[in-house]
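Q: I'm new to this structure and would like a close look at a single part of it. Could you start with one pair of facing residues and work outward from there, in plain language?

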Amino acid sequence: MKKYTQWEASLFELIRRTSVDLPADVEQALRRAHKTEKKDSRARWVLETVLENVQKARDNDAPLCQDTGSLIFYFQVPVGFDTNFLAAVTRMAVARATRFGYLRQNTIDSLTGESCETNVAHGAPIFYFEQCARTTVDVRLLMKGGGCENVGRQYSLPCVDLNAGRDLDGVRRCVLDAIISAQGNGCAPGILGVCIGGDRATGYECSKTQFLRKLDDRSSVKVLGRLEERILKDAKQLDIGPMGFGGNTTLLGVKIGSLSRLPASFFVTVSYMCWAFRRRGALLSVRGGFKKWL
Amino acid sequence: MAIASLRKLEYPFTPEQVGSLRTGQFVWVSGLVYTARDRMHKYLFDGGKSPVDLKNSAIYHCGPVVVRKEGNWVVRAAGPTTSLREEPYLPRIIKEHGVRVIIGKGSMGRETEKACVEGGCVYLHAVGGAAQVLAGKVVAVKDVYFGSEFGLAEAMWALEIKDFPAIVAIDSRGRSLMKKIQSTSRMIGRKLMETDRFEV
């Protein structure tokens with residue numbers, strides 16, 4: 001029983017902190033952006049409110065945003081580790097975090113429209129498990145709200161409307177189109193996760209794992225790193241700005257990954273993360289003890 | 001932040017008060033507002049009876065995090081939700097119930113613009129994601145309706161707010177702040193697509 005409690009406590013703490021504490025790299029990017037917007041502008045006002053909100057959430061120990069989102073857990077575990085057990089204790093921690101108000105009752109039965117009291121239901125939370133040669137458990141949590149999830153897009157190249165061919169410039173055109181279509185509706189300034197290739201399902205999956213990367217990193221694949229920078233530069237000129245009120249800061253980051261594809265398919269998948277980019281990781285012992293934040 | 005154009009909007013929301021607001025202005029709203037989101041909009045649109053009189057009222061597109069503490073409701077987070085999802089329902093609700101103020105986030109469609117003109121209503125945009133700043137503007141939870149039927153996020157909460165910050169996104173003349181930004185960004189985007197091809 002002791003072992004069990006320790007797991008639940010560690011995972012509960014991960015959820016709590018993810019919900020109330022914006023990662024330092026994101027806050028820094030918001031601070032930098034704030035300085036670039038004109039005095040008395042709507043853009044600056046939005047970023048000022050956002051920064052105040054980030055501080056208040058920490059001080060109040062309460063959710064940054066009331067949409068506490070889809071909970072996406074990424075686990076790396078030692079080979080042979082019991083992942084069913086891990087899923088079970090994580091569900092317990094989710095139910096507890098909901099009871100304590102760190103998560104909103106945010107899970108709806110798609111057929112009946114009924115709201116679930118615990119956020120533990122069919123397909124919620126979301127789990128990815130990977131067995132690796134390691135002796136500890138690495139867990140990462142993304143909380144992704146519905147407003148930004150709704151503005152995600154998937155394209156199939158070639159795309160005649162955008163004059164986008166089956167090459168990286170075609171990819172760039174799709175991503176620009178996604179930014180323009182989203183406007184401020186995904187709670188700009190946002191962060192884009194992009195996947196080039198894959199199938200329709202793995203494309204979205206890979207686009208979201210890009211959100212596990214730090215804002216200031218750059219793809220280790222040289223050409224993707226260049227494409228990330230180019231799109232970020234292009235986006236600056238669109239004048240969509242925070243909340244779509246106009247301004248320089250339309251995006252805080254662009255992260256691109258790729259998967260192989262079938263000869264006949266060429267998908268470009270874009271996931272949008274709102275400024276309330278809730279991402280945390282923790283290193284746990286195989287007994288569930290908390291070791292450190294990642 | 002000191003803003004020269006700051007306007008105050010106070011309950012009860014009169015046609016004169018609301019009619020004088022202009023797109024792009026900063027507003028502080030005070031008084032009674034009712035939260036409503038997807039379930040509530042569909043319910044009212046389908047002819048469901050409103051538990052409160054919505055004439056001259058403010059509807060806030062928000063699904064708050066609310067917890068029970070020592071017998072009282074406490075709002076723990078209360079930012080706006082995307083208003084565009086209510087576009088099919090909202091114009092009828094504004095018209096039939098005489099709603100005077102809508103608070104939400106994101107762009108709205110032509111039908112809401114029309115309803116704002118016809119009904120003398122405004123659409124105010126709050127900062128999306130600013131759940132803590134905005135929860136701090138809630139001074140009292142007056143009541144809750146449909147809590148057990150719709151769930152706590154979808155319920156209609158009667159909240160008293162004080163100096164709640166927002167921007168006029170559609171005024172009662174139907175002028176839209178975001179529409180202009182949308183068309184400009186589309187134009188710039190088209191140009192960017194056609195310049196300086198990205199090569200491997």
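A: Start with A:Q76, which stands opposite A:D138 in strand 5 of chain A. Keep in mind as you look that this is a predicted model. Now follow the strands themselves: strand 1 of chain A and strand 5 of chain A are paired in the antiparallel sense, with 7 bridges between them.

Zoom out a little and you get the sheet. Here 5 strands of chain A make an open sheet in the order 4-1-5-10-11, with mixed pairing. If you go to its edges, you'll find strand 4 (126–132) and strand 11 (290–293) of chain A, each pairing on one side only. From one strand to the next, the twist averages 20°. There's a helix to look at here too: helix 4 (residues 83–99) of chain A lies across strand 1 and strand 4 of chain A, and runs at about 145° to strand 1 of chain A.

Next, the domains. Chain A is divided into domain 1 (2–18 + 64–145 + 278–293) and domain 2 (147–273). Their C-alpha centres lie 27 Å apart. Where the two domains touch, 9 residues of domain 1 of chain A are in contact with 7 residues of domain 2 of chain A. Our starting strands turn up again here: strand 1 (70–78) and strand 5 (137–144) of chain A are the elements giving two or more residues to the domain 1 side of that contact. Sort the residues on that side by class and you get 3 nonpolar, 2 polar and 4 charged.

Let's head over to the other sheet listed for chain A. This one is open too, with 4 strands in the order 6-9-7-8 and mixed pairing. Strand 6 (153–156) and strand 8 (251–258) of chain A are its edge strands, each pairing on one side only. Its twist averages 15° from one strand to the next. Inside it, strand 7 (residues 190–196) of chain A and strand 8 of chain A run parallel and are joined by 7 bridges. For a single pair to find on screen, try A:G193, whose bridge partner in strand 8 of chain A is A:K255.

A pair of helices packs on this sheet. Helix 6 of chain A touches strand 6, strand 7, strand 8 and strand 9 (267–273) of chain A, and its direction makes about 35° with that of strand 9 of chain A. Helix 7 (residues 200–209) of chain A also touches strand 6, strand 7, strand 8 and strand 9 of chain A, with its direction at about 40° to that of strand 9 of chain A.

Stay with helix 6 of chain A, since it takes us across to chain B. Helix 6 (residues 168–182) of chain A packs with helix 7 (residues 177–194) of chain B at an angle of about 175°, and their axes are 10 Å apart. That angle makes helix 6 of chain A roughly antiparallel to helix 7 of chain B. On the chain A side, A:R173, A:L176 and A:I180 do the meeting; on the chain B side, their partners are B:S185, B:R186, B:G189, B:L192 and B:M193. By class, the residues of this helix contact are 4 nonpolar, 2 polar and 2 charged.

That helix pair brings us to the contact of the two chains as a whole, which takes 44 residues from chain B and 52 residues from chain A. On the chain B side, at least two residues each come from strand 4 (65–69), strand 5 (72–77), helix 5 (131–135), strand 9 (156–170) and helix 7 of chain B. The largest share of that side, 11 residues, belongs to helix 7 of chain B. Its class make-up is 24 nonpolar, 16 polar and 4 charged residues.

And chain B itself? It has 7 helices and 9 strands. Along its principal axes, the C-alpha trace of chain B spans about 65 × 45 × 40 Å.

One last stop in chain B: the axes of helix 3 (residues 90–97) and helix 4 (residues 110–119) of chain B come within 8 Å and cross at roughly 10°. Helix 3 of chain B and helix 4 of chain B are therefore roughly parallel to each other. Among the residues that meet are B:L90 and B:I94 from helix 3 of chain B, and B:A115 and B:E118 from helix 4 of chain B. By class, this contact has 4 nonpolar, 2 polar and 4 charged residues.

Definitions and conventions. Residues are numbered from 1 along each chain as its sequence is written. Chains are lettered from A and ligands numbered from 1 in the order in which they are written. This is a predicted model: local features need pLDDT of at least 70, side-chain atom pairs count only at pLDDT 80 or more; totals for chains, interfaces and linings use all residues. Axes are lines fitted to C-alpha atoms, for helices over the stretch in contact, and angles run from 0 to 180 degrees between N-to-C directions. Angles under 35 degrees count as roughly parallel, over 145 as roughly antiparallel, 65 to 115 as roughly perpendicular and the rest as oblique. Ala, Val, Leu, Ile, Met, Phe, Trp, Tyr, Cys and Pro count as nonpolar, Asp, Glu, Lys and Arg as charged, and the others, Gly among them, as polar. Domain bounds come from an automatic or database domain assignment. Two strands pair if DSSP finds at least two bridges between them.
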